[in-house]
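Here are some quick notes to go with the structure. Have it open while you read.

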Amino acid sequence: MVNISISSEAKEQIQQVLRRWGTIRRVEWDQIFDDPSSGAVDVDTVEWICSETKLIVALAGLKLIEQGKIQLDTPVAQYLPELANPVIIEGYSPDGKAITRPATTAITFQHLLNFTSGLFYNDKAGPVTQLPLAYTHSHKEENPIEFFFKIIQGDLPGVPLLFEPGSNWAYGFSSDCVGFIVERITKQTLEEYCKEHIFGPLGLKSTSFYLTPDLKARLQPLTFRKPDGALTRFTDQYELMEHDYTKGASYHLEYIPSPSWWARLVFDTERISCHPPALASDLGIDRKSAGTAKDPILSVQSVASLFEPSLSDAGAASLSKIFPIPGVQWQWSTGLCVNTNDWDGKRRKDSGFC
């Protein structure tokens, strides 16, 4: 989990960015959506931001590149041998078994950053109604990364991909692999690396991938949306990943990832990182005066890459099927979904989210 606390000075800078780039809207809501007595959500509230974690991991990956420890075109099998011989799913037999062939293109670091690796969550049509087993498994094994891939592979001859790496786009386990690579290259946990190179320099003292007792005491309860669209309290309608970071002790050995680092960030409700100038401000970089920010965590070039389209036409078409907004065209960068034209009343051209 990650709770992001920011200084009054940083909040004022964010307000300045908002005044320059968009309309300021104040939204208030309760800790428990149907219980006004539960208290209002405030700047100390901890929230589970799930897939927004992907941006944080992308920042860590970009930092590795800046440190010269990996390149965008680096084949990742040298760090994740589990991805040395993936297979492409070409269809299914009448009895439901996957028909596969060996992939002919090596997965590179860029393929992981922009989700063109072929790794996926769900290859069936329709919405995902539960978390993948690779996330909900307790991961108490001595080598949890290896077992993570064994879960994904199942009885197939290799880790399954939807397409040849680089040829299309799919939402899936790519971001997890970036985190694994950060850990194997640096010999640090993702928590340690992010604290040293992202959270610490930004002064995010309450930021963590671990749901500590202090963060748990401030955690906002989940709300569940029913099939008819109505909201109700979350009461274990489906299985979540393990939130107790003390479980799975072998997963806490040095150089071994935590039991729940993936998709496990929480953030201060006033934190923003959507529009390029706003994100540049958040990262300690002022795009208006490039290169003059004090102690930036990333270069201007790396931040710019977060808003530069990187998908083929086929990849952009697949991404647009996930977010079918009439008149809006989507792209993916090294860490964000970027809209390439204005979404009237919603998002501006070149803004990003994940």
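1. Start with H2 and H6, which are oblique to each other: their packing angle is about 40°, and angles from 35 up to 65 degrees are neither roughly parallel nor roughly perpendicular, so this pair falls under oblique. Bear in mind that this is a predicted model. H2 covers residues 53-66 and H6 covers residues 174-186, with the two axes 9 Å apart. As for handedness, the crossing of H2 and H6 is left-handed.

2. Who makes that contact? On the H2 side you'll find Lys54, Val57, Ala60, Gly61 and Leu64. H6 brings Ser175, Val178, Gly179, Ile181, Val182, Ile185 and Thr186. Sorted by type, the residues in this H2 with H6 contact come out as 7 nonpolar, 4 polar and 1 charged.

3. Next, the largest nonpolar core, which has 56 residues. Which members touch the most others? Those are Leu83, Phe109, Leu112, Phe149 and Ile181. Ile181 also turned up above, in the H6 half of the helix contact.

4. The elements giving two or more residues to this core are H2, H3 (109-113), H4 (133-136), H5 (144-153), H6 and H7 (190-199). H2 gives the most, with 9 residues.

5. Phe149 is worth a click. Leaving aside residues up to four places away in sequence, Phe149 touches Leu80, Glu82, Leu83, Val159, Cys177 and Phe180. Leu83, in that list, is another of the core members with the most contacts to other members.

6. Don't skip the other core: a second, separate one has 9 residues, among them Leu311, Val328, Cys337 and Phe353.

Definitions and conventions. Residues numbered from 1 in each chain as written. Predicted model: local features only at pLDDT ≥ 70, side-chain atom pairs only at ≥ 80, totals over all residues. Heavy atoms only, no water. Axes fitted to C-alpha atoms, helices over the stretch in contact; angles between N-to-C directions. Helix = DSSP H or I, 4+ residues; strand = E, 2+ residues; numbered from the N terminus. Parallel < 35°, antiparallel > 145°, perpendicular 65-115°, else oblique. Left-handed = near helix turned anticlockwise from the far one by under 90°. Contact = heavy atoms within 4.5 Å. Nonpolar A, V, L, I, M, F, W, Y, C, P; charged D, E, K, R; others polar. Core = buried A, V, L, I, M, F, W, Y, C linked by side-chain atoms within 4.5 Å. Buried < 20%, exposed > 50% of the residue type's maximum accessible area, 1.4 Å probe, protein only.
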